[in-house]
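Let's walk through this structure together, from its charged pairs to its interior and back out to the surface. Keep the 3D view open as you read.

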Amino acid sequence: MITGASRFEASAEKSTIAHAAQELSGGSGDPGTVDGDVCRIYTPVGTPEVELRITWLRSDGTPVGDPAPKFTVLPMGERALTATDRAVVRFACRSGKLTGSAPAHVDIGVERGGMPTEPEGDPDELKDAYATVAHSFSLAMAKELGCENDGGLEPRPSLDPAPR
């Protein structure tokens, strides 16, 4: 839905949830690392180029304040936001694999890479698609980190807006 493609190019060998979880937990690289890429998703060579960036961020605490007006708040994890060009899911993780104060707060973001372009397609379907991708990567990261209760994430994304 987001890219208009049904096939994708392979990412780098280290572009995996397992590698990102190892970086997040301080198990590789700089122990002070607080953000990084999970992977980038590309459309196949010879088709219109679209890149999706999947990123992680270790945050200081629970979200505060109101999101920008372009975002729809969804009831997933600690906070989930989706728009026609990106989504982010924050979840709390208690795990023996993580250092520092418990729980750790992890944001998984999905956004289109490259120069900003006007989103094409049905806005509600785009929001749902971004939220679904962000939820899938968040749940996979929570499982890889061994978060208690999968970081509070359900097996399926909740795409109905949260009551305000």
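A salt bridge here is a side-chain nitrogen of Lys or Arg within 4 Å of a carboxyl oxygen of Asp or Glu. Please keep in mind that you are looking at a predicted model. With that cut-off, Arg86 and Glu111 form a salt bridge, their closest N and O atoms being 3.5 Å apart. This pair links distant parts of the chain, with Arg86 in strand β5 and Glu111 in strand β6 (residues 104-112), 25 residues apart. Both partners are partly exposed: Arg86 has a relative accessible area of 30%, and Glu111 has one of 24%.

How many salt bridges does a search of the whole structure find? The search finds eight. Another of them joins Asp85 to Lys70, with 3.2 Å between the closest N and O atoms. Asp85 sits in the loop between β4 (79-82) and β5 (86-93), while Lys70 sits in the loop between β2 (51-59) and β3 (72-74), so this pair ties together parts that are 15 residues apart in sequence. Lys70 counts as partly exposed because its relative accessibility is 40%, and the range for that class runs between 20% and 50%.

Some charged side chains come in a larger group: Asp37, Arg40, Glu51 and Arg53 are linked in a network of salt bridges. Further along the chain, Asp150 and Lys143 meet through their side chains in a salt bridge, at 3.1 Å from N to O.

Asp150 deserves a second look, this time at its backbone. Although Asp150 is not a glycine, its phi is positive, at about 50 degrees. Asn149 also has a positive phi, near 55 degrees, and is likewise a residue other than glycine. Asn149 is found in the segment after α2, and Asp150 is found in that segment too. Are these two residues buried, partly exposed or exposed? Asn149 counts as exposed because its relative accessibility is 66%, whereas Asp150, at 24%, counts as partly exposed.

Now turn to the interior. The largest nonpolar core has 32 residues, and those with the most contacts inside it are Val38, Ile54, Phe91, Ile108, Phe137, Met141 and Leu145. At least two residues of this core come from each of α1 (17-24), β1 (35-42), β2, β5, β6 and α2. Which element gives the largest share? That is α2, with eight residues.

Ile108, one of the core residues with the most contacts, is also a handy reference point for finding Ala80. The C-alpha atoms of Ala80 and Ile108 are separated by 9.5 Å, and the two residues are 28 residues apart along the chain. Ala80 is found in strand β4. With a relative accessible area of 1%, Ala80 is buried, since that class takes in values under 20%.

Finally, let's come back out to the surface. Asp122, Asp124, Glu125, Asp128 and Asp160 form a negative surface patch. Among them, Asp160 has its place in the segment after α2 (123-145). At 60% relative accessibility, Asp160 counts as exposed, because the class begins over 50%.

How values were computed: Residues are numbered from 1 along each chain as its sequence is written. This is a predicted model: local features need pLDDT of at least 70, side-chain atom pairs count only at pLDDT 80 or more; totals for chains, interfaces and linings use all residues. Side-chain values use heavy atoms; hydrogens and water are left out. Patches are made of residues with over 30% relative accessible area and no salt bridge: like charges are joined within 9 Å, nonpolar side chains (Val, Leu, Ile, Met, Phe, Trp, Tyr) within 5 Å. Accessible areas come from the Shrake-Rupley method with a 1.4 Å probe; for residues, only the protein chains shown count as cover. Lys and Arg count as positive and Asp and Glu as negative; His and the chain ends are not counted. The place of a charge is taken as NZ of Lys, CZ of Arg, CG of Asp or CD of Glu. Helices (H or I, at least four residues) and strands (E, at least two) are DSSP runs, numbered from the N terminus. Buried means under 20% relative accessible area, exposed over 50%, partly exposed in between (1.4 Å probe, protein chains only). A nonpolar core is a set of buried Ala, Val, Leu, Ile, Met, Phe, Trp, Tyr and Cys residues joined through side-chain atoms within 4.5 Å.
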